[in-house]
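Student: Hi! I've got a model open here and would like to talk it through. Can you take a look with me?

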Amino acid sequence: MDTVVSGIRSTGNLHLGNYFGAIRNFLKMQEENRCFFFVADYHSLTTHPHPDDLHGNIRQILAEYLACGIDPEKATIYVQSDVPEVTELYLLMNMNAYVGELERTASFKEKIRKHPDNINAGLLTYPVLMAADIIIHRAQKVPVGKDQEQHLEMTRRFARRFNTMYGVEYFPEPDAYNFGKQLLKIPGLDGSGKMGKSEGNGIFLADDPKEIRKKVMRAVTDAGPVAPDSEPSEPVKNLFTIMEVVSEPSTLAYFKEKHATCEIRYGDLKKQLAEDIIKVTEPIRERINQILNDPVYLGRIVRQGGEAARESASKTVREVREIIGYKPF
Ligand code: TRP
């Protein structure tokens with residue numbers, strides 16, 4: 001059984017792609033491991049030092065994860081800023097993270113290009129805070145996407161450097177959680193590429209049926225099949241891919257057949273697709289709203305998770321202080 005840590009951006013809003021991709025894997029992961037899932041609300045300050053509704057964002061993303069089936073009985077769910085031990089480990093790790101290597105980090109270079117007016121020290125040391133999040137539970141595994149691979153590599157380096165510097169075998173060097181071939185990629189509605197939050201091509205779990213119908217009816221298609229049995233164009237293939245995960249196999253077969261015989265009407269395809277997406281997302285959306293309307297429930301989950309996370313975190317910080325040489329008087 002591995003210890004797994006995953007940080008969730010507080011500017012969340014899960015879409016269908018997340019649901020059929022990462023979230024599905026999280027559900028499996030929580031059955032087989034000691035999992036810590038937390039909302040990375042300190043990290044969000046590196047780019048949004050004065051968020052409009054920090055607390056609201058945190059509540060929303062927590063409600064969405066819980067509604068999808070992340071289970072507080074199986075995994076430890078908490079808010080990063082409820083575990084101040086993380087900031088102490090972050091401070092200590094900053095002492096052996098070098099400015100040169102931090103300046104060379106791809107995400108830092110991209111952020112300073114995008115926000116030249118806010119190149120703060122928190123942005124520079126973002127990978128150190130992320131490393132602290134992970135090693136504070138002495139995790140072996142971290143589920144990361146491509147964009148986080150370099151950060152995980154730096155975490156390994158910081159962990160290794162700590163061990164070498166103090167002559168201990170204390171922190172494991174965490175690896176990426178390997179999902180194998182199961183990671184489904186859901187395309188967006190704009191004709192090419194995968195569904196993403198910033199791409200503006202997504203259907204969110206919190207979208208209401210009206211919104212979903214509107215988005216699907218506007219999805220990009222083409223002028224129609226060019227010849228019988230011709231390969232569907234990329235945008236149409238994408239709609240079939242979404243249909244594959246939300247619709248009955250017979251529905252998909254029906255529309256593929258209509259395409260093959262050049263009788264397809266994309267309007268009909270989209271109407272059906274919208275209804276099938278609604279069937280999948282509606283119960284989740286209801287659950288999200290139920291959780292958001294029950295602050296007592298959410299408060300209890302977060303308090304329990306925070307306490308469990310602090311127990312694990314404070315043990316690590318105590319041992320790290322000892323290793324470095326701090327002693328009680
Ligand atoms: N940097 C991650 C992201 O942008 C979020 C994150 C913060 C994280 N701390 C983490 C992910 C620790 C995994 C483990 O998505």
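Student: Let's start with cysteine 68: buried or exposed?

Tutor: Cysteine 68 counts as buried, because its relative accessibility is 6%. Keep in mind that this is a predicted model.

Student: And cysteine 35, buried or exposed?

Tutor: Cysteine 35 counts as buried too, since its relative accessibility is 2%.

Student: How many disulfides does the whole structure have?

Tutor: A search of the whole structure turns up zero disulfides.

Student: Why is there no bond for cysteine 35?

Tutor: Its closest cysteine sulfur is the one in cysteine 68, and that is 15 Å away, so the two are too far apart for a bond. The cut-off for a disulfide is 2.5 Å between the sulfur atoms. Likewise, cysteine 68 is in no disulfide.

Student: OK, new topic. Which residues sit around the ligand?

Tutor: The residues around it are Gly7, Arg9, Phe38, Ala40, His43, Tyr126, Met130, Asp133, Ile134, Val142 and Gln148. By class, that shell has six nonpolar, three polar and two charged residues.

Student: Which element gives the most to the shell?

Tutor: Helix H7 does, with four residues. Strand E1 (3-9), strand E2 and H7 (126-135) each supply at least two residues of the shell.

Student: Which side chains have a polar atom by a nitrogen of the ligand?

Tutor: Tyrosine 126 has a polar side-chain atom 2.7 Å from a ligand nitrogen, and glutamine 148 has one 2.8 Å from a ligand nitrogen. For arginine 9, the partner is an oxygen atom of the ligand, 2.9 Å from a polar atom of the side chain.

Student: How much of the ligand does the protein bury?

Tutor: Taken alone, the ligand exposes 360 Å², and the protein buries 93% of that.

Student: You listed His43 there. What does its backbone oxygen lie by?

Tutor: The backbone oxygen of histidine 43 is 2.7 Å from a polar side-chain atom of threonine 46. Threonine 46 is in the loop between E2 and H2, and it counts as buried because its relative accessibility is 8%.

Student: What about leucine 45, where is that one?

Tutor: Leucine 45 is in the loop between strand E2 (34-40) and helix H2 (54-68). With a relative accessible area of 36%, leucine 45 is partly exposed. Its C-alpha is 8.2 Å from that of glycine 122, although the two residues are 77 apart in sequence.

Student: Let me jump to H8. What span should that helix have?

Tutor: H8 covers residues 149-166, which is 18 residues, so at 1.5 Å a residue it should span 26 Å. The C-alpha atoms at its ends are 26 Å apart, which agrees.

Student: Which residues of H8 are buried?

Tutor: They are His151, Leu152, Met154, Thr155, Arg156, Phe158, Ala159, Arg161, Phe162 and Asn163. As background, an α-helix has 3.6 residues a turn, so residues three or four places apart point the same way.

Student: What comes just after H8?

Tutor: Glycine 167 does, and it takes a positive phi of about 60 degrees.

Student: Last one: how many helices and strands does the chain have?

Tutor: The chain has 13 helices and five strands. Its C-alpha atoms fill a box of roughly 80 × 45 × 40 Å along the principal axes, and 47% of its 329 residues count as buried.

Technical notes:
Residues are numbered from 1 along each chain as its sequence is written. This is a predicted model: local features need pLDDT of at least 70, side-chain atom pairs count only at pLDDT 80 or more; totals for chains, interfaces and linings use all residues. Side-chain values use heavy atoms; hydrogens and water are left out. Buried means under 20% relative accessible area, exposed over 50%, partly exposed in between (1.4 Å probe, protein chains only). The expected span of a helix is 1.5 Å times one less than its number of residues. A residue is near a molecule or strand if one of its heavy atoms lies within 4 Å of it. A polar contact is a pair of N or O atoms within 3.5 Å; within protein, one must be able to donate a hydrogen and the other to accept it, and residues adjacent in sequence count only if both atoms are side-chain atoms. Accessible areas come from the Shrake-Rupley method with a 1.4 Å probe; for residues, only the protein chains shown count as cover. Ala, Val, Leu, Ile, Met, Phe, Trp, Tyr, Cys and Pro count as nonpolar, Asp, Glu, Lys and Arg as charged, and the others, Gly among them, as polar.
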